[in-house]
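Hi,

Here is the structure I promised to pass on. Have a look, and my notes on the side chains follow underneath.

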Amino acid sequence: MADIQKFIDEIKGMTVLELNQLVKALEEEFGVSAAAPVAVAAPGAAAAAPVEEVEEKTEFNVVLKDFGAKKIDVIKVVRAFTGLGLVEAKKAVEEGGVLKENVPKEEAEKIVADLKAAGANAVME
């Protein structure tokens, strides 16, 4: 056991380049590969395995990260899609964060595009 511990201590002291050379030498010496094994499924096994469906997100929140240099243009866009008054829209733009919740994907993409066109930094989450 003491010999194994000495070997481990020796490996700990090696540089990455030396470790790489050691791995290559071991691969050549023993005719093996250090690559991770790849599982190969038997024919027909894929059909038997249940496929988990990933539910695609259909509703998004529109989040304003930053209103940019054209604050007035961004306020106009926010008023257009929220129906807020001028004061409320201005406050929403200044505070940032979620501007509209649970919006269908297409609508959220349009809102984000309009906000970006006005100079804002907005995302869908």
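How many salt bridges does the structure hold? The count comes to 6. Keep in mind while you browse that this is a predicted model. On the general idea: side chains of opposite charge can pair when their charged atoms come close. Below are three of the pairs, then a small network and a ring contact.

**A pair across the chain**

Start with E125 and K65, whose side chains form a salt bridge at 3.5 Å, N to O. This one joins distant parts of the chain: K65 belongs to strand 1 (residues 59-66), while E125 sits in the segment after strand 3 (121-124), and the two are 60 residues apart. Are they buried or exposed? Somewhere in between: E125 is partly exposed, with a relative accessible area of 43%, and K65 is partly exposed too, at 48%.

**A pair within helix 5**

Next, look at K90 and E94, which meet in a salt bridge at 2.7 Å, N to O. Both are in helix 5 (residues 86-95), and because they are 4 residues apart, about one helical turn separates them. E94 has a relative accessible area of 37%, so it counts as partly exposed. K90 is also partly exposed, with 37% relative accessibility.

**A pair within helix 6**

Helix 6 (residues 105-117) holds K110 and D114, again 4 residues apart, or about one turn of the helix. Their side chains form a salt bridge too, at 2.9 Å, N to O. Which of these two counts as exposed, and which as partly exposed? K110 reaches 53% relative accessibility, so it falls in the exposed class, which starts over 50%. D114, at 31%, is partly exposed.

**K71: a network and a ring**

The helix 5 pair does not stand alone: K90 and E94 are linked with K71 in a network of salt bridges. K71 is worth a second click, as it also lies over the face of F67, at 5.4 Å from the ring centre. So when you zoom in on K71, look for both the salt-bridge network with K90 and E94 and the ring of F67.

And what about aromatic pairs, how many of those does the structure hold? The answer there is 0.

If you'd like to go through it on screen together, just let me know.

Cheers

Key:
Residues are numbered from 1 along each chain as its sequence is written. This is a predicted model: local features need pLDDT of at least 70, side-chain atom pairs count only at pLDDT 80 or more; totals for chains, interfaces and linings use all residues. Side-chain values use heavy atoms; hydrogens and water are left out. Rings of Phe, Tyr and Trp (its six-membered ring) pair if their centres lie within 6.5 Å; planes under 30 degrees apart count as stacked, over 60 as edge-to-face and the rest as tilted. A charge sits over a ring if NZ of Lys or CZ of Arg is within 6 Å of the ring centre and within 35 degrees of the ring normal. A salt bridge is a side-chain nitrogen of Lys or Arg within 4 Å of a carboxyl oxygen of Asp or Glu. Buried means under 20% relative accessible area, exposed over 50%, partly exposed in between (1.4 Å probe, protein chains only).
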